[in-house]
Each structure stands twice: as C-alpha cells, then as structure tokens.
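Grab a pencil and work through these exercises with the structure open beside you. Try each task before you read its solution.

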Amino acid sequence: MKMIKYAALITAAAMTLTLTACKQGNNVTVENSSDGSSAGTSNSSETFLDKASKFLEADGRGYGKEQSAEIGEVLKNEFFSLKVTDVYRYSSMGDYLPDDGFDFVAVNITVGNIFSESIPVGSYDYVLRWGEGDENSFEAFQVGNLHTDYDIRFFPDDTTLSRGASKSGYVIFQAPSDSTELTLEYLEVYDDDFEGNTYHINLGNPEFAADDIKPEDNSGLENVIYGNIGESVSTKEFDFTVNNITTGNVIDEYSADDGYTYVTADVTLTNTYSTDIEIGSSLFCVFYDEGEGDDLVEYYEYAMDTDALESDSMFATYGTLAPGASVTGTVVFMIPEDSTNIDFVVADLSEDEITVNYYQVHLGELSEMGALGIQL
C-alpha cells in the first residue's frame, strides 16, 4: 500500500519535529484519540525493548491509534479536517472501464487547512479498503490522467491549501462489484517513514450514481462546436481562445521524443460560471491524423503536465479561477512529426448529461505553425 508523506513545517518546543514535503506520506500529528488520549499504543505482544524503541522513534508523535467517522462527520488532526459528503459507484466513466468484476467508486471529500501555514494536499493521500489485508485495497487514480464525460469535479492530485482554505472534489477508486463495506483510509506517515495514526471513514455499500452512463449510451450522441484561432469559444463553464500556435523539437533543455514534436498553444480562459471552477492544462487535448489514404487514423493526445517545465509562461496544470476572472498561458502537447489535420479540443457533457460536446479549434498542419519560441 502506498503511504504518502504530508508536507508541513512545525517549529515548536521540545518533543516536536521539523517536517518537510515529500510525496510519500502524510506529515500530521493527532489532536486526540476517541478516548481523549493523544499518546500512541503498542501491540501487547511487543517486548519491552520494542515498546521503548517505538516510543523513542515517535519523539512525541502519536501512533497506533485509529479514529473512525461516518459520511458527513469530520475527522481532524493538527493540520487539516477531512469530511466525506457523498460516495457513488460508476459502471464506467466516459471511455474508461474498471477491471472485470469491479466498479469505479467516486468519493466526494472536503479537506480544510486548520494549520497556521499553507499545506499541500492531494488525492494521493487516500486508499479505499474492503475486507482485510492490503490486497483488498485500491489507491486513488491520478485524476490528472483520468478524463471523463462526467460533470464532476475531481479532487486535485497535488495542490496547496492556504491557511483557512478548503477544497472539495471527488477521489476516484475501484472496488469489487460485490463489495458491501467500503472504507476510506488515511494513514499518517512522516518524512522519516515513522507511521503515526490511522483514520477511517465508513462508506458502507455505495449506490450507483443517477447519472451513471453506460458506454453504449453515448453512441452517436456527439455535438461539435467549431471555432477558429483568435476566436472565443464558449462552453457551459468558461470561454476560451487559442491566441496562437507554434511547433518545435526543443523547449529549453527539454527535447521531444524521437519522431515527435512539441505543439504549443497560447490560450486565454475566462470563467463564465457562477462559482469558482477548477482549471488546468489537463482540460485540453489535440486530435490529429496519422497515415495516408485508407490507413489514415485519428488519434488524440492530452496536454502535458506543464508544472514539470517550471515556467511562468505555462498554463498551470491545476488551479482555481474565480467567476469573471481570466488567465492566459501556454499549453504544451507532444505529437508525432508526421501528424496532419490537428485540432485543439475541449470536451464536456451538455445539459442533458448524455450528449458529449466537443469544442474544437482547427490548428491546421505542423508546417503552417510558427517556430517555437518559449524561453524557460
């Protein structure tokens, strides 16, 4: 089971630690256990030396305790609060199908920062369990790579909460179709790999979502809204404009794979919705053709994780945009050098929650694009 280290910096008196960010555990300290104590416990079969060693390793941190809650109840540690508001099964999500004998499980969580500083959070913190043993568990999907036709907001894979802020969204797992007692688990693991306390939220036997759409339901129900470079295209949540496009094989020291080239699109996005919306480069993909004649095949490629390029000019991989606000940045794709008929695409569900809307801007051919000029 993957254990995630949580990032935080604590400066306090004796018997505390300084904790640093690392995506392999959760740096947290327990407020109190359900019986009011905050110290850890040890297995009764442990020897005195085992217990003493564990106590010294803990260095004042709680360990060995378990806390549980139900849907709608709040669990807290020193850093954040956690609540599950609802949970649903899905038999499919867009073109994605679960493993045979499994369903997708979407758990809507709300995480609030109750610490004195900003803290990182992400879907990677959580594990879904059923039955006993690590073999009966499933880690969260990295939702940045999971694009569906469902109008649901994902909890981000990796983001930062400022002091007092909160974030809500769905974390996606899969579980056996015949499982009846599901549990969301969060395990504290510090940067030194010390395991603290464990938190469980009982999910019971989730029902299928009312908008659970079988793959065949989408057959032939597609609506394409076309636009041109420099022209604003309106979705139900935002307007976007592809301002210009370029191509090239190198972005600073980052070279495209052999036989591939970068395509970059300068995009402006404006929130036309009534509330904040989750945005990022992961909203976008390109369609392109490969081959000739009867062998011509259409492919698609989602935007790259631009956070890895470490440039202010890039469109953020994840973020939140307030109503009426706009943001401009560069979205990066990597596609084969022999690609033709390239289109910039955003997809979502229409109001009937069945028809798929494709918002499509034709980019043309690679030979028609300007030379790449991004400076990182």
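Helices here are DSSP runs of at least four residues, strands are runs of at least two, and both are numbered from the N terminus. One thing to keep in mind throughout: this is a predicted model.

**Exercise 1. Take stock of the whole protein: how many helices and strands does the protein have, and what share of its residues is buried?**

Step 1: go through the elements, and you get 1 helix and 25 strands.

Step 2: turn to burial, where a residue counts as buried under 20% relative accessible area. Of the 376 residues in the protein, 48% are buried.

Step 3: look at the outside. The protein exposes about 17,900 Å², and carbon and sulfur atoms supply 46% of that area.

Step 4: check the contacts with a separation of 6 or more. Residues 24 or more positions apart make up 68% of them.

**Exercise 2. Work out the strand order in the open sheet of 5 strands, and find which strands stand at its edges.**

Step 1: the order reads β1-β11-β10-β6-β7, and the pairing is mixed.

Step 2: β1 (66–70) and β7 (137–139) each have a single partner strand, so they are the edges, with one side of each left without a neighbour in the sheet.

Step 3: the twist from one strand to the next averages 25°.

Step 4: zoom in on one pair. Strand β10 (residues 182–189) runs antiparallel to strand β11 (residues 195–204), and 7 bridges join them. Follow Thr-183 across and you'll find Asn-202 opposite, in β11.

**Exercise 3. Now do the open sheet of 4 strands: what is its order, and which strands lie at the edges?**

Step 1: here the order is β2-β3-β4-β9, with antiparallel pairing.

Step 2: β2 (74–76) and β9 have a single partner strand each, so both are edge strands with one side lacking a neighbour in the sheet.

Step 3: the average twist between one strand and the next is 30°.

Step 4: the antiparallel pair β4 and β9 shares 11 bridges. Among these partners, Ala-106 is matched with Ile-172 in β9.

**Exercise 4. Find the largest nonpolar core: how many residues does it have, and which of them have the most contacts inside it?**

Step 1: the core has 29 residues. Those with the most contacts inside it are Val-107, Ile-109, Val-111, Tyr-126, Leu-184 and Leu-203.

Step 2: ask where the core residues come from. β3 (80–90), β4 (102–113), β5 (119–121), β6 (127–130), β9 (166–176), β10 and β11 each give at least two.

Step 3: pick Ile-109 and leave aside residues up to four places away in sequence. The residues it touches include Leu-82, Val-84, Tyr-126, Phe-155, Val-171 and Leu-184.

Step 4: don't stop there, as a second, separate core has 28 residues, including Phe-284, Tyr-288, Val-361 and Leu-366.

**Exercise 5. Classify the ring pair of Phe-240 and Phe-344: what are the distance between the centres and the angle between the planes?**

Step 1: centres have to lie within 6.5 Å for a pair. These two are 5.9 Å apart.

Step 2: planes under 30 degrees apart count as stacked, over 60 as edge-to-face and the rest as tilted. The planes of Phe-240 and Phe-344 are at 40°, so this pair is tilted.

Step 3: locate both rings. Phe-240 sits in strand β14 (residues 238–248) and Phe-344 in strand β23 (residues 340–349), 104 residues apart.

Step 4: check burial. Phe-240 has a relative accessible area of 0% and is buried; Phe-344 is also buried, at 0%.

Step 5: widen the view. Phe-238, Phe-240, Phe-284, Phe-333 and Phe-344 make up one aromatic cluster, and the count of aromatic pairs comes to 16.

Technical notes. Residues numbered from 1 in each chain as written. Predicted model: local features only at pLDDT ≥ 70, side-chain atom pairs only at ≥ 80, totals over all residues. Heavy atoms only, no water. Buried < 20%, exposed > 50% of the residue type's maximum accessible area, 1.4 Å probe, protein only. Contact = heavy atoms within 4.5 Å. Areas by Shrake-Rupley, 256 points an atom, 1.4 Å probe, with all protein chains shown as cover. Pairing = 2+ DSSP bridges. Axes fitted to C-alpha atoms, helices over the stretch in contact; angles between N-to-C directions. Core = buried A, V, L, I, M, F, W, Y, C linked by side-chain atoms within 4.5 Å. Phe/Tyr/Trp six-rings, centres within 6.5 Å; stacked < 30°, edge-to-face > 60°.
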